[in-house]
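Trainee: I have a structure open and I'd like to learn how to read it. Could we go through it together, one feature at a time?

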Amino acid sequence: MTLGLILAASVFTGNPPIRILNLRNGDQIRYPVALLRGEAEGGRVSVENPQNPSPDGRNTGRVVNKRFRLLIELVPGINHLKVSNAGSRTTLDLVYKPITSLFKVNVIYLTASDGDPYYITQNPQDKQNYREKLDTAAKLMQTLTAESLNDSGFGRKTFPLDFDSSGRVRVRTLKYPATADQLRAKTGNELYDLIYPWLGKQGLFDNQKNIVVMAFSRYDPDTKKAFAHIAWGGGDMGLFSSLSMCGWPDSIRDVERAFSDPTPLDPKMLYDDSMGRSNMWGLASTGLGAVIHELGHTFVGAEHSGDPESIMSRGFDHFNRFFLPVEAPSNIVPTEFAFADNQVCRWDPYNASLLSCDRFFQPDARRFRDDLPPRIYLDWDTDEIVAAAPNGIRLLHLWKQTDPPSHTAYKQFSDLPMVIRFKRSELRDVLSAPEGAAIHVTDGEGQVFSVNEGAYKSRGDLPPITSAEYDAQLRKFVADLHGTKTIRWTPQSN
């Protein structure tokens with residue numbers, strides 16, 4: 001944003017102007033909690049949304065080294081935000097247009113058959129307000145995702161949440177048909193294998209992903225063992241312990257307090273899953289970071305990352321930094337830490353490109369075609385790998401199949417080519433993958449196909465999950481194009 005645009009939205013007061021750096025006057029966003037990143041003089045900055053009379057319609061936050069990050073909840077339509085700091089004032093009009101997608105992410109609080117919703121805490125005054133905590137957590141993850149994808153150039157795309165008529169996340173409290181003692185006797189993997197098919201029978205897998213937090217997670221301080229403690233995601237479900245919930249913020253306006261709370265963890269009451277920071281804000285940050293990391297695995301293709309600040313690596317431990325201008329003290333760093341912009345957790349661009357093409361990240365309701373899916377096969381006559389998609393190729397991903405993936409490359413296409421051809425040997429050389437390169441395509445309808453081309457060893461090898469009839473149909477489709485809508489990849493390709 002240019003200085004002229006910033007001043008155009010400012011009220012002249014004679015004091016240095018407040019600069020909002022990530023949003024412009026009139027911007028439309030598709031999610032309810034806006035994150036304002038900007039610059040101002042020291043002290044605190046305040047924001048008010050006159051259109052939202054609820055408590056989260058106003059907020060304040062610290063300014064550190066002239067930087068601030070401030071959350072405010074919007075209502076559908078135009079929101080005339082008023083931002084002020086030390087005598088300076090500015091306004092920002094944002095338009096909130098709710099997502100209308102037919103896809104959604106559910107939030108589920110799972111109790112045992114006894115129905116006890118209690119999560120462990122060391123605070124005797126804890127409100128046990130799991131609904132408010134889960135509402136806030138889901139909205140924070142949605143906002144972080146939108147801003148992070150926008151930072152990588154993909155626009156403010158994010159996943160849809162299941163909101164009720166008042167704009168709160170609909171938290172479903174479900175009972176699993178087993179006692180808490182029976183469930184706590186299971187390993188994390190056993191719990192995942194039990195709960196996943198049961199959840200599917202509840203009708204929650206049709207164009208839906210599910211964040212499932214287990215109320216019955218417990219900690220034994222004598223044995224130092226945690227029970228029903230897992231963070232695992234894939235398919236249509238992410239399953240999570242509730243052992244960090246006591247540290248999560250209760251509301252949008254509570255985020256600064258929660259992510260700055262230096263209270264030491266009491267080892268006689270709480271399991272320390274804070275990556276050695278051993279305080280409440282560290283517990284909250286790692287707990288919420290683990291949720292968004294595993295939720296990432298439920299979306300198509302998102303994998304571990306070599307980027308140290310990626311959500312898909314241990315960058316998720318820095319979930320707190322996305323919402324604050326400075327990190328509070330901890331056992332790791334005993335003073336406030338003024339992190340740099342590149343030390344904030346994010347969706348790395350490689351994974352962000354995948355999410356941006358996922359059906360869950362398309363904001364408007366539409367019916368997707370599920371016919372003529374993309375495939376990748378080998379042309380033995382030319383020794384070329386052929387990626388073909390009758391609905392056009394939206395995204396191409398290449399990588400060496402390691403964990404995390406290495407030698408990664410990607411490209412999005414606006415013109416949706418239907419065929420991309422690769423010389424097999426050149427691709428392997430570029431990716432340093434002599435045993436075979438991994439390739440992923442997303443077509444214009446959000447259908448995906450991935451394969452390690454090393455699996456093709458003879459002319460009779462078909463792409464996985466592909467019938468001989470469809471393989472023949474696709475090869476004829478490619479031949480009939482006569483090279484039109486075809487791209488030839490070379491080592492010099494972008």
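Mentor: Sure, and let's start with one pair of residues: in β16, G238 is the bridge partner of G233. Keep in mind that this is a predicted model.

Trainee: Which strands does that pair belong to, and how do they run?

Mentor: β15 is joined to strand β16 (residues 237–241) by 4 bridges, and the two run antiparallel. Another pair along this ladder is W232, whose bridge partner in β16 is L239.

Trainee: How many residues sit between β15 and β16?

Mentor: There are 2 residues between them, and the two strands form a hairpin. Look at G235 in the turn: its phi is positive, about 65 degrees.

Trainee: What is the strand order of the sheet that holds these two?

Mentor: Read across the sheet rather than along the chain. The order is β11-β10-β12-β16-β15, which makes an open sheet of 5 strands with mixed pairing. β11 (171–175) and β15 (231–234) each have a single partner strand, so one side of each has no neighbour in the sheet, and these two are the edges. From one strand to the next, the twist averages 20 degrees.

Trainee: And where do the side chains go in a strand?

Mentor: Here's the general idea: in a regular strand, side chains alternate between the two faces of the sheet.

Trainee: Which helices lie across this sheet?

Mentor: Two to look for are α2 and α6. α2 lies across β10 (104–111), β11 and β12 (208–214), at about 125 degrees to β11. Helix α6 (residues 280–298) lies across β10, β12, β15 and β16, and runs at about 20 degrees to β15.

Trainee: How should I read a helix such as α2?

Mentor: In general, an α-helix has 3.6 residues a turn, so residues three or four places apart point the same way. Now for the case here. Helix α2 (residues 130–151) has 22 residues, and from its first C-alpha to its last it reaches 31 Å, close to the 32 Å expected at 1.5 Å a residue.

Trainee: Is α2 largely enclosed or left open by the rest of the structure?

Mentor: Largely enclosed, because 18 of its 22 residues are buried. After α2 comes G153, which has a positive phi, near 95 degrees.

Trainee: Can a loop residue be read in a similar way?

Mentor: Yes, so try S274, which is in the loop between α5 (255–258) and α6. Its relative accessibility is 0%, and buried means under 20%, so S274 counts as buried.

Trainee: Which residues does S274 touch, leaving out those up to four places away in sequence?

Mentor: They are L265, N279, G282, L283 and T286. For a sense of spacing, T263 and S274 are 11 residues apart in sequence, while their C-alpha atoms are 13 Å apart in space.

Trainee: What about a strand that is mostly covered?

Mentor: Take strand β7 (residues 67–73), where 6 of the 7 residues are buried. Strand β4 (residues 33–39) is joined to β7 by 7 bridges, and they run antiparallel. In this pairing L35 stands opposite L71 in β7.

Trainee: Where are the edges of the sheet that contains β18 and β21?

Mentor: That one is an open sheet of 4 strands in the order β17-β18-β21-β24, with mixed pairing. Its edge strands are β17 (375–379) and β24 (486–489), each pairing on one side only. The twist averages 20 degrees from one strand to the next. In the middle of the order, β18 (residues 384–388) and β21 (residues 419–423) run antiparallel and are joined by 5 bridges, and E384 stands opposite K423 in β21.

Trainee: Which helices lie across that sheet?

Mentor: Helix α8 (residues 424–431) lies across β17, β18, β21 and β24, at about 75 degrees to β21. Helix α9 (residues 468–481) lies across β17, β18 and β21, at about 75 degrees to β17.

Trainee: Let's zoom out. What does the whole chain look like?

Mentor: The chain has 9 helices and 24 strands. Its radius of gyration is 24 Å, close to the 23 Å that the globule rule gives for 494 residues, so the chain is as compact as a globular protein of that length. Along the principal axes, the C-alpha trace spans about 70 × 65 × 45 Å.

Trainee: How much of the chain is buried?

Mentor: Of the 494 residues, 53% count as buried. The chain exposes about 20800 Å², with carbon and sulfur atoms supplying 52% of that.

Terms used: Residues are numbered from 1 along each chain as its sequence is written. This is a predicted model: local features need pLDDT of at least 70, side-chain atom pairs count only at pLDDT 80 or more; totals for chains, interfaces and linings use all residues. Side-chain values use heavy atoms; hydrogens and water are left out. Two strands pair if DSSP finds at least two bridges between them. Axes are lines fitted to C-alpha atoms, for helices over the stretch in contact, and angles run from 0 to 180 degrees between N-to-C directions. Contact means heavy atoms within 4.5 Å. The radius of gyration is taken over C-alpha atoms; the globule rule is 2.2 Å times the number of residues to the power 0.38. Buried means under 20% relative accessible area, exposed over 50%, partly exposed in between (1.4 Å probe, protein chains only). Accessible areas come from the Shrake-Rupley method with a 1.4 Å probe; for residues, only the protein chains shown count as cover. The expected span of a helix is 1.5 Å times one less than its number of residues.
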